Amino acid sequence: MSRTFTVEGDIASADTRTLLTTQGSVTAPSSVVPAGMTKIDKIVVAATTEGLANGAQSYILRLGGNAIKGGEQTITLSAVGRIAPQAGSDSAPQLMVSNVLENVDIEVGQSDTLTVAVEGCGTDTGTGHAVVTLIYA
């Protein structure tokens with residue numbers, strides 16, 4: 001049996017750690033590892049930017065808190081870039097494609113609390129947005 005935990009949020013600026021603490025209409029989903037779960041087996045992630053500023057930016061995921069045995073885990077999520085279009089052209093859309101990380105095997109403590117944060121690195125390309133789903137086993 002598995003359980004899931006999903007959080008999302010806006011990343012306001014580059015080089016700033018942003019805790020993801022909401023889940024759509026749920027303002028404070030429980031970040032406590034469910035009883036019986038001993039590891040994070042899969043991670044489903046998506047991150048992008050609104051692309052209002054020129055530049056290149058990458059996003060990293062930080063899993064922490066006392067639930068993550070062995071200390072904080074840092075995982076590369078995605079990268080985005082933007083160059084302003086010529087006059088009369090349309091800007092390319094910014095896509096937010098989900099990636100599934102299989103068999104991540106991150107050990108967690110039952111009933112402990114975890115933190116999920118995303119950080120944009122590089123040139124600030126406008127407000128970013130990320131969504132992360134952890135699949136426990």
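Here are a few notes on this structure, which is a predicted model.

1. Let's start with strand S9, residues 128-136. Of its 9 residues, 7 are buried, so the strand is largely enclosed by the rest of the structure.

2. S9 has a partner in strand S1 (residues 3-11): the two pair in the antiparallel sense, over 9 bridges. If you want a spot to click on, Arg-3 stands opposite Tyr-136 of S9.

3. S9 also pairs with S3, again antiparallel, and 9 bridges join them. Here a handy pair to look up is Val-45, whose bridge partner in S9 is Val-132.

4. Just past S3 (39-49), have a look at Glu-50, which sits in the loop leading to strand S4 (55-64). Glu-50 has 41% relative accessibility, so it counts as partly exposed, that label covering values between 20% and 50%. Glu-50 also belongs to a negative surface patch, together with Asp-10, Asp-15 and Asp-124.

5. Now for some backbone angles. Most residues other than glycine have a negative phi. Asn-103 has a positive one, near 50 degrees. You'll find Asn-103 in the loop between strand S6 (99-101) and strand S7 (106-107), and at 62% relative accessibility it counts as exposed.

6. Ser-111 is another non-glycine residue with a positive phi, this one about 65 degrees. Its place is the loop between S7 and strand S8 (115-122). With a relative accessible area of 51%, Ser-111 is exposed, because the cut-off for that label is over 50%.

Technical notes: Residues numbered from 1 in each chain as written. Predicted model: local features only at pLDDT ≥ 70, side-chain atom pairs only at ≥ 80, totals over all residues. Heavy atoms only, no water. Patch = residues over 30% accessible without salt bridge, like charges linked within 9 Å, V, L, I, M, F, W, Y side chains within 5 Å. Areas by Shrake-Rupley, 256 points an atom, 1.4 Å probe, with all protein chains shown as cover. Salt bridge = Lys/Arg side-chain N within 4 Å of Asp/Glu carboxyl O. Lys, Arg positive; Asp, Glu negative; His and termini not counted. Charge placed at Lys NZ, Arg CZ, Asp CG, Glu CD. Helix = DSSP H or I, 4+ residues; strand = E, 2+ residues; numbered from the N terminus. Buried < 20%, exposed > 50% of the residue type's maximum accessible area, 1.4 Å probe, protein only. Pairing = 2+ DSSP bridges.
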